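User: I am new to this structure and would be grateful for a close look at a single part of it. Please choose a suitable part and connect it to the chain as a whole.

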Amino acid sequence: MGIQLTEKEQDLLVLCIVKECIAYAEKNNKTFEEVLNEDLFPAEANTGFAEMVCKTIEALKNKGCIDGTVELEYEIKIDPDTFEEESTDAIDFSSCIFENINISAKGNIRLGTEGFKEVSKEFGKKALPIVKCIATTTLQTCVESAVVLGLRTVGIPV
């Protein structure tokens with residue numbers, strides 16, 4: 001993608017994505033994990049985008065912004081010379097667990113006006129192309145609307 005977000009921008013974007021995935025899951029009688037695997041990250045999804053979202057969800061869980069079970073599994077490589085296993089930075093999406101995911105009170109505060117005030121005015125220009133990586137048009141539109149609404153709320157024209 002070639003777009004660099006600050007940590008705060010990345011957190012805010014992923015919180016918007018999580019919020020909309022939760023709503024989309026409830027509307028479509030799916031789990032959050034199903035929405036991630038089937039709608040947000042189908043087989044043709046951008047792996048870099050998928051890894052960024054998953055790692056940020058884990059970081060947001062550790063910061064207390066997301067509640068639930070988040071367990072990322074990393075791909076294992078076997079050294080052909082020693083036959084020892086080596087963990088990689090690549091996520092094994094088929095083995096990750098995302099259960100009972102909710103945005104906490106702290107996360108909802110970040111999604112409020114103050115959270116959008118903390119990010120740069122360039123956030124909208126940087127975030128919208130990233131949102132275009134989302135495969136499901138409905139989900140993409142929801143996330144884009146959430147980002148645009150938040151930016152407009154704090155007076156940043158988008």
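Analyst: The protein chain contains seven helices and four strands, where helices (H or I, at least four residues) and strands (E, at least two) are DSSP runs numbered from the N terminus. Residues are numbered from 1 along each chain as its sequence is written. The model is a predicted one, in which local features need pLDDT of at least 70 and side-chain atom pairs count only at pLDDT 80 or more, while totals for chains, interfaces and linings use all residues, and side-chain values use heavy atoms, with hydrogens and water left out.

The order of the elements from the N terminus is α-α-α-β-β-β-β-α-α-α-α. The protein chain has a radius of gyration of 16 Å, close to the 15 Å given by the globule rule for 158 residues, so it is as compact as a globular protein of that length. This radius is taken over C-alpha atoms, and the rule is 2.2 Å times the number of residues to the power 0.38. The C-alpha trace spans about 60 × 35 × 30 Å along its principal axes.

Of the 158 residues, 42% are buried; buried means under 20% relative accessible area, exposed means over 50%, and partly exposed lies in between (1.4 Å probe, protein chains only). Among the contacts with a separation of 6 or more, 66% involve residues 24 or more positions apart, a contact being heavy atoms within 4.5 Å.

The part chosen for the close look is helix α1, through three of its residues.

Asp 11 belongs to helix α1, which covers residues 7-27. Its relative accessibility is 4%, so Asp 11 counts as buried. When neighbours within four places in sequence are set aside, Asp 11 is in contact with Thr 56, Leu 60, Lys 63 and Arg 110.

Val 18 also lies in helix α1. Is Val 18 buried or exposed? At 0% relative accessibility, Val 18 counts as buried. Its contacts, again without neighbours up to four places away, are Phe 32, Ile 57, Ile 66, Ile 101 and Ile 103. Val 18 and Cys 133 stand 115 residues apart in sequence, and their C-alpha atoms are 15 Å apart in space.

Ile 22 is a further residue of helix α1, and with a relative accessible area of 14% Ile 22 is buried. Outside its neighbours up to four places away, Ile 22 touches Phe 32, Ile 101, Asn 102 and Ile 103. Phe 32, Ile 101 and Ile 103 were also named as contacts of Val 18.

Where do these contacts lead? The stretch 97-103 forms strand β4, and Asn 100 lies in this strand. The C-alpha atoms of Ile 22 and Asn 100 are separated by 9.7 Å, although the two residues are 78 apart along the chain. Asn 100 is exposed, at a relative accessible area of 64%. Its phi is near 55 degrees, a positive value in a residue other than glycine. Most residues other than glycine have a negative phi.

Asn 29 is placed in the loop between α1 and α2 (32-40). Asn 29, likewise not a glycine, has a positive phi of about 50 degrees, and at 73% relative accessibility Asn 29 counts as exposed. In α2 itself lies Asp 39, which counts as buried at 9% relative accessibility. The C-alpha atoms of Asp 39 and Asp 67 are 21 Å apart, with their positions 28 residues apart in sequence.

Two other regions complete the view. Strand β2 (residues 74-78) and strand β3 (residues 85-91) run antiparallel and are joined by four bridges; strands pair if DSSP finds at least two bridges between them. Lys 77 has Glu 86 in β3 as its bridge partner. The two strands form a hairpin with six residues between them, and Phe 83 in the turn has a positive phi of about 60 degrees.

Further along, Lys 121 lies in the loop between α5 (113-118) and α6 (123-131), and with a relative accessible area of 66% Lys 121 is exposed. Its C-alpha atom is separated by 25 Å from that of Ala 105, 16 residues away along the chain.
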